[in-house]
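Work through the exercises below with the structure open beside the text. Try each task before reading its solution.

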Amino acid sequence: MTDQAVDAGGVQVSGHPDAEDRFLGRTRELKELRADIERAGLDTISGRKAPRARVLLVAGRPGSGRTALAEELVRQVSDRYPDGALRARLSDPDGTPVPVERVARDLLAALDLPIPPGAAEDDLTAALRDALAGRRTLLLLDDAAGAEQVDALLPDNPDCLVVAVSAGPLTGISDVRPCTLGGLDTKSALELLSRYTGSVRVTVDPRAAEGLAEECQAQPAALMLAGGWLAARPKSAVADLAKQLRAEGDEGTPLARAFRLAYTALPAPAARILRLLALAPAGYVDPHTASALAGCSVSGARTTLDDFVALGLLRTVDSPLPQYEVPGCLHPLLKALTEAQDRPAEVQLARARMLERTVRLLRSCRAITETDNPGARERLQGLPRSLRFPSPRAAEEWLLVRRPALLAAARLAVADGELDTLARRLMSQLVRAMVAHFGTQAAAPDLYGIHRLVLDVAERRGLHRERAAALLNLGDLDARTGRTTEALARYRAALDAGREADDPYATGRAMESVGGAHLELGDYDRAADWFGRALARRLARDESADAARLYGRIAAAHTYAGRYGEALRHWRAAVAAYRRRGDVPAQARALSELARVQEYAGRPAESLRTCQEAVEWARHADDVRLQAALHLRLADTLDHLGDPPAAAIHRATAGRMLGERAPEPGSAPEQDANACETRSTSTED
């Protein structure tokens, strides 16, 4: 029995494939755990209904097979939980606890629920509890660092079951009895060895095999390394390995001794690759990562990784692309070797090569989506064949599979502090690739985290332009999720950073965004003032397109405030600006808004003339939906002017354009009504 890998994203929904075929022993522990599910809890004994899910704890050292036992338990009882199983890993390979916010976000994503970007931990955990309130779900929380992590994710639903895996007790969570793991029983330990060595070598010398299992204290991870060592040496007897392990004395755990034997037997190049795998983000490795770390070919790296799997040093990850996982129990041993045998400069160079390779892969991943861009095609052809994707679908699949490792790479690069230039390039390409393949909306939760990392680097390095860009991006994401007050604070900070960087684009953009936030908050005077400041900058720089848009935004603020005279003046200025630019669609829309405000101001005759002019320009622009919306507005205006027959003609015209029956008076399809509605935030913010 071995620790099984959790899904590459830290979370997955479904059963664990082939668990029954791979699982060995632990009959007593499974029986105890299943009995613990049926056991009456303290609340039940006292006559109260249990307020939360039952927690079962599998406790043991890394390498003891604790995750595999938890997975087997989930498999055996899954039929009682029709809503499936969720899995999450609560510690990184180096033992660092994963923030609860990130775990809750991944669990919500696994449930296909919307995740507001930038939401606080309390909001995310509350959303997770709400999502699980009406479900019968299994929740496997692997490698928990402490009770606080588990408690924050615990469903308020006694129909759910939580299986937690940890090195020790979860003090603070009531009514939890740990199932503490020791070694495997002798029969299971020998069977695990046989899977690597074949049954003959075990059966011909059962005493030596039992002695080897005893030297490994029947720990699954140590037995796997011993089996891998023997499998690579078909002429070596089991007794030879047991003797070598005994010669190691009491230096370290059985796992550490078995690992030393396996490591020292490796050729120098393979040993170096293995050591450097301690740098792999989130413990996940693919051939490109290993190739970049070691400075070898991709094909050579893959062969070496497959050899490591045969030796029990790596695990394969169930994935459509070649991917491997460094067992968590081996990570500290690899890290110690790297610190002892590799100079810091060499380690830093290996990390830089890995990040540079990742940047190039991300650039290739994005470029393949730009099929109509000759420059992107040329850059793509300039990349080595090993870095090119055969199709956009293949690039998207790679991005999905490697997403957790890519995000972890960005976090590690920023935390390192010595590779900030590479970190900034990595995050820039990661944002562009995610937007190209998934869209801004779908990628927003990940983008929020990346922009926060960019902000950390910019503040650390005093990079005011990058700081302004990160703050603007974070403000936009806050604004889209209704956190307008937080967005306003971000925009003001971005304005200060833009001024410090003397960046006219960031400064103007921040001013307009501050105005948009005030508009959302209903402070129309401040909104108009900030839009006016942004307009002055655009006019000074002769940025006519932005200036025309800002005339409209100022007009919108005055409209909301009921100052129709000012609104009309600015809409006329917007119409004139679009006319000078020859932007016919925008001119038609601005005229439609001018007609709307004229109607609000009690000037139906003027509104009718303006609307008719807008229809003509919309016809020139070939904007059928805008034409239909304008015909509906003409119909409403004619009703107000007492001409129902003419109004009916315009409604019929709108209906024909929309391919529908003529709408009733006063009604308009939502899409058409919104087609020329003044929006309170710019699409360019």
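The exercises concern one helix and two salt bridges.

This is a predicted model, in which local features need pLDDT of at least 70 and side-chain atom pairs count only at pLDDT 80 or more, while totals for chains, interfaces and linings use all residues. Residues are numbered from 1 along each chain as its sequence is written, and side-chain values use heavy atoms, with hydrogens and water left out.

**Exercise 1.** Find the buried residues of helix H17 and state how they are arranged around its axis.

*Solution.* Helices here are DSSP runs of H or I with at least four residues, numbered from the N terminus, and buried means under 20% relative accessible area, exposed over 50%, partly exposed in between (1.4 Å probe, protein chains only). In H17, which spans residues 331-341, the buried residues are His331, Leu334, Leu337 and Thr338. Seen down the axis, they fall within an arc of 125° (taken from the directions from the helix axis to the C-beta atoms), so they line one face of H17. On the other side of H17, Glu339 and Ala340 are exposed.

**Exercise 2.** Locate the salt bridge partners of Arg402 and Arg351.

*Solution.* A salt bridge requires a side-chain nitrogen of Lys or Arg within 4 Å of a carboxyl oxygen of Asp or Glu. Arg402 pairs with Asp286, their closest N and O atoms being 3.6 Å apart; Arg402 is in helix H20 and Asp286 is in a loop, 116 residues apart, and both are buried. Arg351 meets Asp416 at 3.4 Å, N to O. Because Arg351 lies in helix H18 and Asp416 in helix H20, this pair ties together parts 65 residues apart in sequence.

Technical notes: Helices (H or I, at least four residues) and strands (E, at least two) are DSSP runs, numbered from the N terminus.
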